[in-house]
Each structure stands twice: as structure tokens, then as C-alpha cells.
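Reader: Could you take me through the packing in this one, with a close look at the main nonpolar core and whatever sits around it? A connected story would suit me better than a list.

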Amino acid sequence: MLFILSSPCQTLSSPRLYFPNNSFSGIKCDSAKVPVFPQKTRERSYLIERGLEFSTGDAFFREESATGRDLGVLAASLHKRGNGRLRVLDALCGCGIRSLRYLAEAGADFVAANDGNESYGSTIVENLSRVSSEEEGRWVVTHLEANRVMTDYYLQKSLFDFIDVDSFGSDSSFLRSAISTLKFGGLLYVTSTDGFSSGGHRPHHSLAAYGAYVRPMPYSNEIGLRMLIGGVTREAAVLGYHITPLFSYYAFHGPVFRVLLRLNRGKIHDTRHYGYIGYCQQCGNSHEFSWDQLGQISCSCNVSKVSNSLVVSGPLWTGPLHDAAYLMDMLNLAKQWGWIGCDGKDNLEKLITVMMDESDPKLPFGYIKLDEMASRAKINSPSLKALMSAMHQKGYAASRSHIATNAIKTNCPMTECIKIAKELLQVSVT
């Protein structure tokens, strides 16, 4: 096979030839006799992210996913600082931008960059070669199915400190292989882009993929994160381990659900933080139900034992989505690196700060959308800031949600939220 490559400063008007794996070695070529074919002159695309130049080649690439890559690099660097080592497996690396950043910014000692599409090979090699040559042994590029490459490393007892599985859809088939190939105390960074399942539109698909029967709820994007964490929780338990979420990130493009988890030795022998979530369409309140409450699920607004208005999803992760102390370490590192305020927007700082606010242990799962509250109350909604301030004055916990801009995470019931909103608007409370 013949590849035509160009350096960053060259165009394809003066190509040079590259024969991979010496496949044409020993063959004498007379340039005068080589037939000339019309060439499609497509210039190689180069982009810059956090000061690093890279090529996307023909690989799928989303510039909007840079924030998710920022979070992963910060986490990987913290692991390197805390443990003195960092071996990274990028199981579905695409063009190799994440692998490049783990090498250049997180200081990874070794990165295994894998993508099943062999046509991306030259692009990945070109990008990683910007940090070090292949001969230095800091990286390797493979083109295997993701489960195959992880299983091969597991069988070789060559485990990793950080595994990034950035998959499309809800392909949870990678989870068990990834957990098996991760060191204890290591970090697993997993992805789902299946908004249909998190929205409750494909409950049988979410059941097959993550073991959770998901039904439509107002905070479906948070359900997507909890569904993903719950799936990893289940797979870790099968292997005799348990996990701790360090942060959970939702981005509307895609949509993209990304979760960073730490793998811990030993199985937890109770069902803490792994159960069922119910939403009452009648009163708007949410409830958590444990396994021993199955068959007794109801809402207090309904006098009957079984509430027809109650929608239940699960089992899901019902515990905290973030670790506040860990997020503070990430924010401090971002400041050290000059990532905060460099674009005049402080988007990364705002995101991590809101995540830290969401980590308040008083806050339950879910959030209240101001539009839903206003519709139930038949009023215009007060400002989010004013409503949160009034909730705090009445002793409730409340924070913004990084998932939905016009929503509040709070332990304030919907009925009380409506009452507070009417008081703020000086509307008669009936």
C-alpha cells in the first residue's frame, strides 16, 4: 500500500513516498517507469489545543470535547504527582490527541495508544512523535479491537494507572476488560453518548447495556451519569472490587457523559448508593428506594400503597457524583498551569466550581428545572440566584447544576420550592 505524507510545512503538491513496514523492500523501482496517477490534493488538517499542535487526519474529532480532555489530563497529572508513575492506556484513541496530551502535559511515563482503524496509524504516530520518538519507548501505537488490546495487557500482567475509554453509544462491553487491566488505586475514565437510553426512550437497551431499566425523568442527563456509574459499579462487584466516583461530567454536544472513577480493592457487601430512583409526576418530588423496599414503592402525596404517578428507574448509582476535595486539587493544578482565565471566559473554573457545589452531601440526586416549577405553580419563575438565596435562608441546601443551566439541585421539596417562588414574586400562596 502506498501512502502519501507531507510535513506540517509541506503541501501535497510535492509528495514524498512512504512504504509502511518495508513492504516494498527489495523491489527495484525505476522512477521513469512508475505510472503517474491523478492525486486528490487534500491538505492535512492541523489544530492547536492548549498550545499543542496536532493533526486530526481522517479521524473523527470534536473540538467541543476539549473540556473533557482537560479534565482527564488534570486527573492523570494528579495521579502522577501522587504516585510517582503514570502508565496510560487510551483504548479508542482516534487521532491520538488525548494520548498526546497525556504524554506532553500529564507527564505519562508510557502511553499505549490504540485504535481499531489502521488508517489512522500515520496520524497517531505523527502526533505522538511531537513529544518523543518511538525508539525512546514512551509510547506504542496498536490497531486492535479495544477489548482485545486490554485483555492482552491483562494476560501479560502489564497493568495501567489510567485507562481512558472514549467510546460511542453505550458500549459497556469494554468495562470489565478495562477494570481487569487497571491497577488498584488506578483511574478509569469512561464515556457514554447514548442520550436515548438516559432519556428513558430505550429502557430495554439500557437494561442490556448497564443493567438499569431507565424511564423518562425531568433530570434525564443526570440519570445518564448515574446509569454509567451504576454499570461500572456492577462490573467491579463481579470482579470483587468497588469504585469511587471522583467527578462526573455532562456535555450537551453528543450528548457526552464522562465519569472518572477510582478502582478500590475489595467488594462492598451492602447496596449503599446502588438502588432505585423514583419521580412522582403528580407532586414533582423524587425519592430513593433501596432493594428491600421493592414491592412497597409509593409517594407520600398518594394515599394508595402503589402510586400510579410514580416513575421508577434503576438500579442506578444514587450516591455522590463528585469528590469535592479531588476537584479542588484539579482546580488548583489548572491555576498552576495557567489554564484559568487564559481565554477570558474562565469556563473551566466555572465548571469545576459548580461541580464542587454539587458535591454538598446534603444534596440529593436530580434537580428542579425552573421551567417545570413555574409551570406547576402557573407563575413566571424568579431568578435562579434569588430562588437559591431564599432556599438558603430557609435552611435548605441548594446549588446550580453543571448539567442544566436553568435548574437547581436542592433538598427542598417541589411544593416548598413553589411556595418560596410565590413569596419572592409576592403572589398569593394558597
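**A close look at the core and its surroundings**

Author: Let's start with the overall picture: the chain folds into 13 helices and 17 strands. Keep in mind that this is a predicted model. Of the 430 residues in the protein chain, 51% are buried. Looking at contacts between residues at least 6 apart in sequence, 66% join residues at least 24 apart. The accessible surface adds up to about 20600 Å², and carbon and sulfur atoms account for 51% of that.

Now to the core you asked about. The largest nonpolar core contains 48 residues, and Met 150, Ile 163, Leu 188, Val 190, Tyr 219 and Val 232 have the most contacts inside it. Helix H8, residues 220-238, gives the largest share, with 7 residues. In general terms, nonpolar side chains tend to be buried together in soluble globular proteins.

Val 190 is a handy place to stand and look around. Leaving aside residues up to four places away in sequence, Val 190 touches Val 165, Leu 175, Leu 228, Val 232, Phe 257, Arg 258, Val 259 and Leu 261. One name there isn't nonpolar, so what does Arg 258 pair with in a salt bridge? Its partner is Asp 164, and the N to O distance is 2.8 Å. That pair ties strand S11 (Arg 258) to strand S8 (Asp 164), 94 residues apart, and Arg 258 and Asp 164 are both buried.

Follow the chain on from S8 and you reach the loop between S8 and H5, where Asp 166 sits; Asp 166 is linked to Arg 98 of helix H2 (residues 97-104), 68 residues away in the chain. Their side chains meet at 3.0 Å, N to O. Are the two partners buried or exposed? Arg 98 counts as buried because its relative accessible area is 7%, whereas Asp 166 is partly exposed because its value is 25%. The loop between S8 (160-165) and H5 (175-180) also holds Ser 173. With 42% relative accessibility, Ser 173 is partly exposed. Ser 173 and Ala 146 lie 27 residues apart in sequence, and their C-alpha atoms are 9.6 Å apart.

Those two pairs belong to a total of 22 salt bridges in the structure. Another one joins Arg 101 to Glu 105, with the closest N and O atoms 2.6 Å apart, and both of these residues are buried. Arg 101 and Glu 105 are also part of a network of salt bridges that takes in Glu 49, Arg 50, Arg 69 and Asp 70. Arg 50 has a backbone quirk too: its phi is near 50 degrees, a positive value in a residue other than glycine. Arg 50 lies in the loop between strand S3 (46-49) and strand S4 (52-55), and its relative accessibility of 29% makes it partly exposed.

Back to S11 for a moment, since Arg 258 brought us there. The loop between S10 and S11 (256-265) holds Pro 255, and the peptide bond joining Gly 254 and Pro 255 is cis, with omega about -5 degrees. A cis bond also runs from Gly 314 to Pro 315, where omega is near 0 degrees; Pro 315 is in strand S14, residues 310-317.

Next, helix H10. H10 covers residues 347-358, and its 12 residues reach 16 Å from first to last C-alpha, close to the 16 Å expected at 1.5 Å a residue. Its buried residues are Leu 348, Leu 351, Ile 352, Val 354, Met 355, Met 356 and Glu 358. They pack against helices H1 (66-83) and H9 (324-336), along with strands S10 (241-251), S16 (398-400) and S17 (407-410).

S17 turns up again around helix H11: the cover over the buried residues of H11 includes S17, H13, strand S12 (274-280), strand S15 (368-369) and helix H12 (384-393). The buried residues in question are Leu 370, Glu 372, Met 373, Ala 374 and Ala 377. Just after H11, Lys 378 takes a positive phi of about 60 degrees. Lys 378 is exposed, as its relative accessible area is 75%.

To finish on the outside, Leu 424, Leu 425 and Val 427 make a nonpolar surface patch of about 200 Å². Val 427 is in the segment after helix H13 (414-424) and, at 33% relative accessible area, is partly exposed.

Methods:
Residues numbered from 1 in each chain as written. Predicted model: local features only at pLDDT ≥ 70, side-chain atom pairs only at ≥ 80, totals over all residues. Heavy atoms only, no water. Core = buried A, V, L, I, M, F, W, Y, C linked by side-chain atoms within 4.5 Å. Buried < 20%, exposed > 50% of the residue type's maximum accessible area, 1.4 Å probe, protein only. Helix = DSSP H or I, 4+ residues; strand = E, 2+ residues; numbered from the N terminus. Contact = heavy atoms within 4.5 Å. Patch = residues over 30% accessible without salt bridge, like charges linked within 9 Å, V, L, I, M, F, W, Y side chains within 5 Å. Areas by Shrake-Rupley, 256 points an atom, 1.4 Å probe, with all protein chains shown as cover. Salt bridge = Lys/Arg side-chain N within 4 Å of Asp/Glu carboxyl O. Expected span 1.5 Å × (residues − 1).
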